[in-house]
Amino acid sequence: MDAVVAAVAALRDPSLPGTPWTVQQIAVVLPLLCDGPSSMVVEATDIRWLAAVDEGAPLPD
């Protein structure tokens, strides 16, 4: 359960680039995070960064 909470927190974190995700967006991606090759938090952070870049955010240094 802690991994799910941490993953949702990463998707909602306003300090990360991009728009914080909605509950509906998280509900769609949560099953995919469970099947990812690494931890749910890493997967969520990666997805958040990819979405931010797609929105036009610059890549980190």
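## Helix H3 and its length

At 1.5 Å a residue, the 15 residues of helix H3 (residues 40-54) should span 21 Å, and the end C-alpha atoms of H3 are indeed 21 Å apart, so the expected and computed values agree. The structure described here is a predicted model.

Which residues of H3 are buried? They are Met 40, Glu 43, Ala 44, Arg 48 and Ala 52. Helices H1 and H2 are included in what covers these buried residues. After H3 comes Gly 56, which has a positive phi, near 110°.

## Tryptophan 49

Helix H3 also holds Trp 49. Is this residue buried or partly exposed? Trp 49 has a relative accessible area of 25%, and because burial requires a value under 20%, Trp 49 counts as partly exposed.

When its neighbours within four places in sequence are left aside, Trp 49 is in contact with Leu 16, Pro 17, Pro 58 and Pro 60. Trp 49 and Leu 33 are separated by 16 residues in sequence, and their C-alpha atoms lie 14 Å apart in space.

## Packing of H1 with H3

Two packed helices are described by the angle between their axes and by the distance between those axes. For H1 and H3, the angle is about 15° and the axes are 8 Å apart. An angle under 35 degrees counts as roughly parallel, and H1 and H3 are therefore roughly parallel to each other. Their crossing is right-handed.

On the H1 side, the residues that meet H3 are Ala 3, Val 4, Ala 6, Ala 7, Ala 10, Leu 11 and Arg 12. On the H3 side, the partners are Met 40, Val 41, Ala 44, Thr 45 and Arg 48. By class, this contact consists of nine nonpolar, one polar and two charged residues. Of the H3 partners, Met 40, Ala 44 and Arg 48 are among the buried residues of that helix.

## Packing of H2 with H3

The axes of H2 and H3 are 9 Å apart, and the helices pack at an angle of about 130°. H2 and H3 are therefore oblique to each other. The crossing of this pair is right-handed.

Which residues of H2 and H3 meet? Val 29, Leu 30, Leu 33 and Cys 34 in H2 face Met 40, Glu 43, Ala 44 and Ile 47 in H3, with contacts between the two groups. Sorted by class, the contact of H2 with H3 has seven nonpolar residues, no polar residues and one charged residue.

## Packing of H1 with H2

Helix H1 (residues 2-12) packs against helix H2 (residues 23-34) at an angle of about 130°, and their axes are 11 Å apart. How are H1 and H2 oriented to each other? The angle makes them oblique, therefore neither roughly parallel nor roughly perpendicular. H1 passes H2 in a right-handed crossing.

In this contact, Val 4, Ala 7, Val 8, Leu 11 and Arg 12 of H1 meet Ile 26, Val 29, Leu 30 and Leu 33 of H2. The contact of H1 with H2 comprises eight nonpolar residues, no polar residues and one charged residue.

Terms used: Residues are numbered from 1 along each chain as its sequence is written. This is a predicted model: local features need pLDDT of at least 70, side-chain atom pairs count only at pLDDT 80 or more; totals for chains, interfaces and linings use all residues. Side-chain values use heavy atoms; hydrogens and water are left out. Axes are lines fitted to C-alpha atoms, for helices over the stretch in contact, and angles run from 0 to 180 degrees between N-to-C directions. Helices (H or I, at least four residues) and strands (E, at least two) are DSSP runs, numbered from the N terminus. Angles under 35 degrees count as roughly parallel, over 145 as roughly antiparallel, 65 to 115 as roughly perpendicular and the rest as oblique. A crossing is left-handed if the near helix is turned anticlockwise from the far one by less than a right angle, and right-handed if clockwise. Contact means heavy atoms within 4.5 Å. Ala, Val, Leu, Ile, Met, Phe, Trp, Tyr, Cys and Pro count as nonpolar, Asp, Glu, Lys and Arg as charged, and the others, Gly among them, as polar. The expected span of a helix is 1.5 Å times one less than its number of residues. Buried means under 20% relative accessible area, exposed over 50%, partly exposed in between (1.4 Å probe, protein chains only).
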